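Student: I should like to go through this structure with you. Could we take the aromatic pairs, the helices and the core in turn?

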Amino acid sequence: MSKDLATPAPSGLGRFWRKWRFHLNILLILVPLGFMPRYFAETALFRGDKGLGQRVVGEVQVGPWSLTLAELKDKAPELDGVSGYMKGFNAALCDACAQRVKATYLRIGKPRSLRAAGVIFFGSAHRQGASLPVPQNTPVDAQLWITMEGWDGSVHQAAIPLEQASPKTVEWLAKAAR
């Protein structure tokens, strides 16, 4: 046989691939499996299987109604593109007031009117969610205001310290102020 028709000697990469291809394919399967516990934990949190959130703030009385407020994730606000820094909160209305409340709003700082009440909670009465914008210049002693509007037209408000609602956000604001 002539040298022209002989198969070329495998390159270094070709030899490496032939020797390790089985192991590399196993690695491609095992690496994603390492991320599965985190994925399932976050999915259970968003579905509500693990309650309202990672950190429950507690029961907040708003006029004649009440709601249970919780932070979705117990960490600092996250940058959400052009929207700025956002913090997720979940809420569950009390059983007695679920049929009487039309809308629930959340805002940092006292709202001037119902038109500026803040972000609206969405979802069923027993699991509502809202993404609250957190400006970087927010004072660390700010208050989180909850506004609830009833079907009868009544409006009730309550405030809780931001420190109580989200300690990680206050830490983040203190670092951002420096």
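Tutor: What follows is a conversation about selected features of this model.

Student: What kind of model is this, and which residues count?

Tutor: This is a predicted model, in which local features need pLDDT of at least 70 and side-chain atom pairs count only at pLDDT 80 or more, while totals for chains, interfaces and linings use all residues. Residues are numbered from 1 along each chain as its sequence is written, and side-chain values use heavy atoms, with hydrogens and water left out.

Student: How many aromatic pairs are there?

Tutor: There are two aromatic pairs. Rings of Phe, Tyr and Trp (its six-membered ring) pair if their centres lie within 6.5 Å; planes under 30 degrees apart are stacked, over 60 edge-to-face, and the rest tilted. Y39 and F40 make an edge-to-face pair, with 5.3 Å centre to centre and 65 degrees between the planes.

Student: Is Y39 buried or exposed?

Tutor: Y39 is partly exposed, at 49% relative accessibility. Buried means under 20% relative accessible area, exposed over 50%, and partly exposed in between (1.4 Å probe, protein chains only). F40 is also partly exposed, at 48%.

Student: And why is the pair of Y85 and W172 tilted?

Tutor: The ring centres of Y85 and W172 are 4.7 Å apart and their planes lie at 55 degrees, so the pair is tilted. This pair links distant parts of the chain, 87 residues apart: Y85 is in strand β4 (residues 85-93) and W172 in helix α3 (residues 167-177). Helices (H or I, at least four residues) and strands (E, at least two) are DSSP runs, numbered from the N terminus. Y85 is partly exposed at 23% relative accessibility, whereas W172 is buried at 16%.

Student: Staying with α3, which residues are buried there?

Tutor: T169, V170, W172 and L173 are buried in α3. Viewed down the helix axis, the buried residues of α3 fall within an arc of 160 degrees, so they line one face of the helix. The arc is taken from the directions between the helix axis and the C-beta atoms.

Student: What covers them?

Tutor: The cover over the buried residues of α3 includes β4 and α2 (162-165). Contact here means heavy atoms within 4.5 Å.

Student: A change of topic: how many residues does α1 have?

Tutor: Helix α1 (residues 12-47) has 36 residues and reaches 50 Å from its first C-alpha to its last, close to the 52 Å expected at 1.5 Å a residue. The expected span is 1.5 Å times one less than the number of residues.

Student: Where is the kink in α1 centred?

Tutor: The kink, of about 65 degrees, is centred on W20. The bend at a residue is the angle between axes fitted to the seven residues ending there and the seven starting there. Just after α1, G48 has a positive phi of about 100 degrees.

Student: Which residues have the most contacts inside the largest nonpolar core?

Tutor: They are L69, F89, L144, I146 and M148, in a core of 31 residues. A nonpolar core is a set of buried Ala, Val, Leu, Ile, Met, Phe, Trp, Tyr and Cys residues joined through side-chain atoms within 4.5 Å. Leaving aside neighbours within four places in sequence, the contacts of L69 include F89, L144 and I146.

Student: And what does A103 touch?

Tutor: A103, in strand β5 (residues 101-108), touches I120, T147, M148 and E149, not counting residues up to four places away in sequence. A103 is buried, with a relative accessible area of 8%.
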